[in-house]
Amino acid sequence: MILCPECDTNLDVQEDEVDEGEVVSCPECGTDFEVVTTSPLELKAVGEGYVEEEEEEESEDGDYS
């Protein structure tokens with residue numbers, strides 16, 4: 001059993017059911033976590049702006065061509 005680092009809700013994620021790099025979401029608070037390691041199971045919060053920043057950089061690159 002692993003608890004959400006944000007709200008302490010049981011995430012009901014088993015080590016043998018997830019892969020490193022997979023993203024799981026907390027059903028209670030909605031926070032997304034990336035699986036860093038599977039044994040032991042370790043999660044890292046996914047930054048909210050991470051994908052958006054990449055998209056902004058791509059669009060800026062398009063503006064300069």
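## Results: the segment before β1 and its surroundings

C7 counts as partly exposed, because its relative accessibility is 29%. This value falls between the cut-offs for buried, under 20%, and exposed, over 50%. The structure is a predicted model. C7 is found in the segment before β1. Beyond its neighbours within four places in sequence, C7 is in contact with C26, E28 and C29. One of these partners, C29, lies 22 residues away from C7 along the chain. The C-alpha atoms of C7 and C29 are nevertheless separated by 6.8 Å.

The chain as a whole gives the setting. Its secondary structure comes to one helix and three strands. Along the sequence, these elements follow the pattern β-β-β-α. The chain has 65 residues, and 20% of them count as buried. The exposed area of the chain is about 5,000 Å². Carbon and sulfur atoms supply 40% of that area. Contacts with a separation of 6 or more were also examined. Residues 24 or more positions apart account for 16% of these contacts.

L3 also lies in the segment before β1. With a relative accessible area of 40%, L3 is therefore partly exposed. Its contacts, leaving aside neighbours within four places in sequence, are with D8, T9, N10 and L11. L3 can also be compared in position with C26. The two residues are 23 residues apart in sequence. In space, L3 and C26 are 9.1 Å apart, C-alpha to C-alpha. C26 is also one of the contacts of C7.

D8, a contact of L3, is found in the segment before β1 as well. Its phi is near 65°. That is a positive value in a residue other than glycine. D8 counts as exposed because its relative accessibility is 57%. D12 also has a positive phi, of about 50°, although D12 is not a glycine. The place of D12 is in the segment before β1, and this strand spans 23-25. D12 is exposed because its relative accessible area is 59%, and the cut-off for exposed is over 50%.

D12 also belongs to a charged group. D12, E15, D16 and E17 gather in a patch of negative charge on the surface. E17, like D12, has its place in the segment before β1. E17 has a relative accessible area of 57%, so it counts as exposed. E17 and T38 are 21 residues apart along the chain. Their C-alpha atoms are separated by 9.1 Å.

T38 leads on to a further backbone feature. β2 covers residues 32-38, and β3 covers 41-45. P40 has its place in the loop between these two strands. The peptide bond from S39 to P40 is cis. Its omega is near 0°.

Taken together, the segment before β1 holds several of the residues described here. L3 and C7 are both partly exposed, at 40% and 29% relative accessibility. D8 and E17 are both exposed, each at 57%. D12 is exposed at 59%. Positive phi values occur at D8 and at D12. The cis peptide bond, in contrast, leads to P40, in the loop between β2 and β3.

Terms used:
Residues are numbered from 1 along each chain as its sequence is written. This is a predicted model: local features need pLDDT of at least 70, side-chain atom pairs count only at pLDDT 80 or more; totals for chains, interfaces and linings use all residues. Side-chain values use heavy atoms; hydrogens and water are left out. Patches are made of residues with over 30% relative accessible area and no salt bridge: like charges are joined within 9 Å, nonpolar side chains (Val, Leu, Ile, Met, Phe, Trp, Tyr) within 5 Å. Accessible areas come from the Shrake-Rupley method with a 1.4 Å probe; for residues, only the protein chains shown count as cover. A salt bridge is a side-chain nitrogen of Lys or Arg within 4 Å of a carboxyl oxygen of Asp or Glu. Lys and Arg count as positive and Asp and Glu as negative; His and the chain ends are not counted. The place of a charge is taken as NZ of Lys, CZ of Arg, CG of Asp or CD of Glu. Helices (H or I, at least four residues) and strands (E, at least two) are DSSP runs, numbered from the N terminus. Buried means under 20% relative accessible area, exposed over 50%, partly exposed in between (1.4 Å probe, protein chains only). Contact means heavy atoms within 4.5 Å.
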